Amino acid sequence: ARARAAVLFAAGSGLRMGEVLGVTVDRVDFLRRTVRVDRQMITPSHGEPHFGPPKTPSSRRTVPLAQVTLDVLAVHLARFPAVDGLVFTSSQRQPWRRGTFAELVRSAREAAGLPASVTFHDLRHHYASALIAAGCSIKAVQEALGHKNASETLDTYSHLFPSDEDRVREPVEALHGSSVSP
């Protein structure tokens with residue numbers, strides 16, 4: 001139950017696992033419907049979890065959130081209040097360790113009968129796919145995901161963009177379609 005909101009939040013924000021596990025209440029703006037990503041939770045093999053910089057400088061971003069994603073957070077926080085501002089914590093009220101959280105995801109995947117290739121990172125792909133299917137620009141998808149440039153986003157997701165063949169044909173038809181006489 002404690003991990004459910006983190007999974008739904010990831011699907012609704014496109015954040016990486018470390019970014020999700022490092023979300024604190026002060027980074028969520030419920031009025032502007034955004035989350036600020038300027039750090040992530042680092043969980044070393046030895047030592048305590050701690051905040052660290054995001055994966056890359058371009059990973060620092062503000063991500064727009066749908067109301068349904070904010071509602072998930074609000075319900076989660078009502079049931080499991082933040083600990084030192086941290087939104088997602090384990091049943092021991094400690095920061096989730098990446099390995100422990102990944103194990104929960106693995107168990108859920110197996111219980112659902114999904115293939116081993118399904119990972120937490122697929123929630124990020126789900127988010128990107130939803131933006132692309134909705135017609136968001138490549139620039140909007142790039143910024144939401146925190147990619148360095150649009151080519152990185154295109155290299156990863158170009159197969160999801162609809163074909164432009166008909167869009168390429170339409171202007172030519174509009175310009176020259178009536179000029180052909182039988």
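This passage describes the fold of one protein chain, from its overall form to single residues.

The model is predicted. The secondary structure of the chain comprises eight helices and five strands. Read from the N terminus, the elements follow the order α-α-β-β-β-β-β-α-α-α-α-α-α. The chain is more spread out than a compact globule, because its radius of gyration is 20 Å, well over the 16 Å that the globule rule gives for 182 residues. Along the principal axes, the C-alpha trace spans about 80 × 40 × 30 Å.

Burial and surface were computed for the whole chain. Of its 182 residues, 38% count as buried. The accessible surface amounts to about 10,700 Å², and carbon and sulfur atoms account for 57% of that area. When contacts between residues at least 6 apart in sequence are considered, 59% of them join residues at least 24 apart. The side chains include 22 positive and 18 negative ones, and the centres of these two sets are 8 Å apart.

Helix H1 covers residues 4–13. Seven of its ten residues are buried, so the helix is largely enclosed by the rest of the structure. The buried residues of H1 are Ala 5, Ala 6, Phe 9, Ala 10, Ala 11, Gly 12 and Ser 13. An α-helix has 3.6 residues a turn, so residues three or four places apart point the same way. The cover over the buried residues of H1 includes other helices, among them H2 (17–21), H3 (67–79), H4 (98–111) and H5 (121–133). Strands E2 and E5 also belong to this cover. After H1 comes Gly 14, which has a positive phi near 75°.

One residue of helix H3 illustrates the packing against H1. Thr 69 is located in H3. Its relative accessibility is 6%, and Thr 69 therefore counts as buried, the limit being under 20% relative accessible area. Leaving aside residues up to four places away in sequence, Thr 69 touches Phe 9 and Gly 12. Phe 9 and Gly 12 are themselves among the buried residues of H1.

An open sheet is formed by three strands in the order E1-E2-E5, with antiparallel pairing. Strands E1 (28–29) and E5 are the edge strands, and each of them pairs on one side only. Strands E1 and E2 run antiparallel and are joined by two bridges. One of the residues involved is Val 28, whose bridge partner in E2 is Val 35. Strand E2 (residues 34–37) is also joined to E5, in this case by four bridges, and these two strands run antiparallel as well. Across this pairing, Val 35 stands opposite Val 63 of E5. Further along, Arg 36 is opposite Thr 62, and Val 37 is opposite Arg 61.

In a regular strand the side chains alternate between the two faces of the sheet. Strand E5 (residues 61–64) shows such an alternation. Arg 61 and Val 63 point to one face and are buried. Thr 62 and Pro 64 point to the other face and are not buried. The two buried residues of E5 thus face Val 37 and Val 35 across the strand pairing.

Two residues other than glycine have a backbone angle of positive sign in loops. Arg 33 has a phi near 60°, a positive value in a residue that is not glycine. Arg 33 lies in the loop between E1 and E2, and the hairpin of these strands has four residues between them. The relative accessible area of Arg 33 is 40%, so Arg 33 is partly exposed. Arg 93 likewise is not a glycine and has a positive phi of about 60°. The loop that holds Arg 93 runs between H3 and H4. With a relative accessible area of 44%, Arg 93 is partly exposed.

Notes
Residues numbered from 1 in each chain as written. Predicted model: local features only at pLDDT ≥ 70, side-chain atom pairs only at ≥ 80, totals over all residues. Heavy atoms only, no water. Rg over C-alpha atoms; globule rule 2.2 N^0.38 Å. Buried < 20%, exposed > 50% of the residue type's maximum accessible area, 1.4 Å probe, protein only. Contact = heavy atoms within 4.5 Å. Areas by Shrake-Rupley, 256 points an atom, 1.4 Å probe, with all protein chains shown as cover. Lys, Arg positive; Asp, Glu negative; His and termini not counted. Charge placed at Lys NZ, Arg CZ, Asp CG, Glu CD. Pairing = 2+ DSSP bridges.
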